[in-house]
Amino acid sequence: MSSARSLAYTSSPLLASRTPVWRSKLIVAGIAAGFLVLAGRAAWIQVFGNEFFRKQGEVRFARTLELPANRGRIFDRNGLLLATSVPAPSIWAIPEDVDADPRKRAELARLLEMPLADLNRRLDNEDKTFVWLKRQVDDEVARRIAELGISGVYQRKEYRRQYPEGEAAAHVVGFTNVEDHGQEGVELAFHKDLAGRAGSRRVIKDRLGRIVEDVGEQVPPVDGRDLQLSIDSKVQFFAWQKLRDAVTEHKAKGGSVVVLDVETGEVLALANYPSYNPGRRVNLSGAQLRNRALTDTFEPGSTMKPFVAALALEKGMVTPQSPIQTAPGRITITGSTISDAHPHGVLTVEQVIQKSSNVGTVKMAMQMQPREMWDLYSEVGFGQRPQLPFPGTVSGKLRAWKTWRPIEQATMSYGYGLSVSLFQLARAYSVFARDGELVPVTLQKADGPAPGVRVLQPQTAQQVRHMLHLATQSGGTAPKAQALGYSVGGKTGTAHKQEGKGYADKKYRSFFVGLAPVEKPRIVVAVMVDEPSNGRYYGGDVAAPVFSATVQQSLRMLGVQPDMNVKPQIVVQAVEESF
């Protein structure tokens, strides 16, 4: 049986045939070639052409860590902190590594102040190897989260900004986002200076994000520059507080205060209400975020009348004692009638400003060429964006003089037909405070007096200053602007609010712009209250008291000696202004 099976096997024609030698050599050569190809490929990958694979390895394990620069601090003019950075841990997790029972998850959600469903949705997403749970938590919260001992939940050291002055200085200082980038105010305007330059560190990490090894050279960060503003935090807070009280008392929509040092051009205060806490920005509205003093424009009303009087004096058309007939209390220009609040009869130029007569102002304006008025308005900054490195600053509106019709020239003389911001108005009044020079303004602390630009002759500015002083005395429109111990001068304004192409019924803006002390002014203060609705709306009743309180506090803070003995008195009824 065995012999028969063997015989059958050897008798197979396939096995009995001789295999050609070349075939076996071909197979051996093919195997050798394959090994050579593999060896060559291995040599290429590991020795000659390893750049691609080395990069792929780095993508998976090597990381360039940013070494954040310390953001610069912001100080007021006296060295008090307005903004600084403090440590604030951030909580993150690797979802697939998180191992926590329902009780711990519930406690974690409570500490993070987030719904449990949101936390579970983040932690149950195992497709991600990294997820933020919450950025920049308080130290106490971070400590209690660490005590939970949840695996897969980690902390990263970060910094957040802290704003000691809170709501009072919010619109000046602004705020940063969670990435420490400036979003509003000085934080945005001076972001490059404050942010500095981040450094870098090249490392290799394991799958858990732990650093295994440093590779390459470390580039150190360059810290941001500290910034000292011209703002006086005490003046700022006091102005904001008085503005807040006035807005609340008169049931207004909002308001603004600007305080300028006319010697140096420094902005001492720039306050708005309503405001917000820059450290806790929750459910904010546009009204809270808006820097009204710089972004809102309005028709300035009677606050423009001193400029018309100044131009008439400058051109030699009148003197302070020149009589102007304002009876019967109205005047018609090309079919349109302009009226005073009360008929006054014959008034001197001084009295026109003191009693805020529309008719007297229009009569002076219509003796001038439109271009002359336009030139003066432009020279004091109307229609031009203030040179402040501040977001949202507007230019207002001043149309070309060639387009003015007679009635428009008349209305522009008492503040209708053009628009300005409160900041522009405050700066324009520095012309009267600086004996005819327009002062350049700055938000950073100045080293000394700033050179101004000549607009009016010194005598003209001094004469107008006296008129502004009369407006705050008995018989003027703003006796409530008087300040204890200091002589003041200023002009009230009350303007109808525009709605669409016309004016809203019973909606007003009330403002007062003035200077102090009168003989040698140190500050200009401008106040605006938007839509007072508690019965009174004249600038002399609503805005002038805020001016009075702000002037007293500001001059005391600056060390300016009182220039007059003023005792508390019962203020007589103010003359109603025409608008």
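**Exercise 1. Find out which residues are linked in a network of salt bridges.**

Step 1. The network links K253, R290, R292, D296, K497, R509, D530 and E531. A salt bridge here is a side-chain nitrogen of Lys or Arg within 4 Å of a carboxyl oxygen of Asp or Glu.

Step 2. Now zoom out: a search of the whole structure turns up 32 salt bridges.

Step 3. Keep in mind what you're looking at: this is a predicted model, where local features need pLDDT of at least 70 and side-chain atom pairs count only at pLDDT 80 or more, while totals for chains, interfaces and linings use all residues. Residues are numbered from 1 along each chain as its sequence is written, and side-chain values use heavy atoms, with hydrogens and water left out.

**Exercise 2. Take the salt bridge of E113 and K134, and work out where its two partners sit.**

Step 1. Start with the contact: the side chains of E113 and K134 meet at 3.4 Å, N to O.

Step 2. Next, the places. E113 is in the loop between α5 (102-112) and α6 (116-123), and K134 is in strand β5 (residues 131-134). The two are 21 residues apart, so the pair links distant parts of the chain. Helices (H or I, at least four residues) and strands (E, at least two) are DSSP runs, numbered from the N terminus.

Step 3. Finally, the accessibility. E113 is exposed at 65% relative accessibility, and K134 is partly exposed at 27%. The cut-offs: buried means under 20% relative accessible area, exposed over 50%, and partly exposed in between (1.4 Å probe, protein chains only).

**Exercise 3. Explain why the pair D193 and R225 ties together separate parts of the sequence.**

Step 1. D193 forms a salt bridge with R225, and their closest N and O atoms are 3.1 Å apart.

Step 2. D193 lies in helix α10 (residues 191-195) and R225 in the loop between β11 (211-214) and β12 (227-228), so the bridge joins parts that are 32 residues apart in sequence.

Step 3. D193 is partly exposed, at 34% relative accessibility. R225 is partly exposed too, with 41%.

**Exercise 4. Is G493 buried or exposed?**

Step 1. Find G493 in strand β23 (residues 489-499).

Step 2. Its relative accessible area is 0%, so G493 is buried.

Step 3. Now look across to V527: G493 and V527 are 34 residues apart in sequence, and 9.9 Å apart in space, C-alpha to C-alpha.

**Exercise 5. Describe the largest cavity and what lines it.**

Step 1. Get the term straight: on a 1 Å grid over the protein atoms alone, a cavity is a set of points where a 1.4 Å probe fits but cannot get out, and lining residues have an atom within 4 Å of a point.

Step 2. The structure holds one cavity of 30 Å³ or more, and the largest cavity has about 40 Å³ of space. Grid points are joined across faces, edges and corners, and a volume is the space filled by probe spheres set on the points.

Step 3. The lining is made of V380, G381, Q384, P386, F423, Q424 and R427.

Step 4. Sort them by class, and you get three nonpolar, three polar and one charged. Ala, Val, Leu, Ile, Met, Phe, Trp, Tyr, Cys and Pro count as nonpolar, Asp, Glu, Lys and Arg as charged, and the others, Gly among them, as polar.

Conventions:
1 Å grid on protein atoms, 1.4 Å probe; cavity = no way out; pocket = protein on both sides within 12 Å on 5 of 7 lines; lining within 4 Å.
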